[in-house]
Amino acid sequence: MNTTLPCEFRRWVAAHGDAPALRAKRWGIWNPMSWREAGQAVAEIAAGLHVLGLEPGEVAGVLAPTVAEAVLADLGAQTAGAVVACLHPGETPRRLASQVAAARVRVLFVHDAEQLDRLREGGGAPQG
């Protein structure tokens, strides 16, 4: 089978439409997201990365725990042609900064302000 994950994802979106693709907990309540909604989110992320000038083959990092947004960011980056570097949020600030530098991360998805602060503490994130 010669296909990519983004291609398979689009097939699932087309085939399953309004069926639940994933569930995310918000304010203690599990909320479903349909395949169509997930497909729209992934397409918007990919389009945003293109607007930012991310070129195919460049690296997009994801610094987040296992949450729906991390999955969508990963798929959106792959859809844009990026190589995805998943960074573990439990790493030390210095190690995170080192990993971002070593992977030559061009765009970084960060789960929250706390993770961004930890990355900045290690010297690995832009200040803007």
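**Exercises on a predicted model**

Glu 55 has a relative accessibility of 46%, so it counts as partly exposed. The structure is a predicted model.

**Exercise 1.** Locate Glu 55 among the helices and strands, and give the separation of its C-alpha atom from that of Ala 80.

*Solution.* Step 1: Glu 55 sits in the loop between helix H2 (35-51) and strand S3 (59-63). Step 2: Glu 55 and Ala 80 are 25 residues apart along the chain, and their C-alpha atoms are separated by 7.9 Å.

**Exercise 2.** Describe how helix H1 (residues 5-16) and helix H3 (residues 68-79) cross, and name the residues that meet.

*Solution.* Step 1: the two axes, of H1 and H3, come within 9 Å and cross at roughly 115°. Step 2: angles of 65 to 115 degrees count as roughly perpendicular, so H1 is roughly perpendicular to H3. Step 3: the crossing of H1 past H3 is left-handed. Step 4: from H1, Leu 5, Pro 6, Phe 9 and Arg 10 meet Leu 75, Gln 78 and Thr 79 of H3. Step 5: the residues in this contact of H1 with H3 comprise four nonpolar, two polar and one charged.

**Exercise 3.** Find the aromatic pairs and state which parts of the chain they link.

*Solution.* Step 1: the count is two aromatic pairs. Step 2: Phe 9 and Trp 35 form a tilted pair, 6.0 Å centre to centre with 50° between the planes. Step 3: Phe 9 lies in helix H1 and Trp 35 in helix H2, so this pair ties together parts 26 residues apart in sequence. Step 4: buried means under 20% relative accessible area; Phe 9, at 10%, is therefore buried, and so is Trp 35, at 16%. Step 5: Trp 12 and Trp 35 form a tilted pair, 5.3 Å centre to centre with 35° between the planes. Step 6: Trp 12 in helix H1 and Trp 35 in helix H2 are 23 residues apart. Step 7: Trp 12, at 42% relative accessibility, counts as partly exposed.

Note on methods: Residues numbered from 1 in each chain as written. Predicted model: local features only at pLDDT ≥ 70, side-chain atom pairs only at ≥ 80, totals over all residues. Heavy atoms only, no water. Axes fitted to C-alpha atoms, helices over the stretch in contact; angles between N-to-C directions. Helix = DSSP H or I, 4+ residues; strand = E, 2+ residues; numbered from the N terminus. Parallel < 35°, antiparallel > 145°, perpendicular 65-115°, else oblique. Left-handed = near helix turned anticlockwise from the far one by under 90°. Contact = heavy atoms within 4.5 Å. Nonpolar A, V, L, I, M, F, W, Y, C, P; charged D, E, K, R; others polar. Buried < 20%, exposed > 50% of the residue type's maximum accessible area, 1.4 Å probe, protein only. Phe/Tyr/Trp six-rings, centres within 6.5 Å; stacked < 30°, edge-to-face > 60°.
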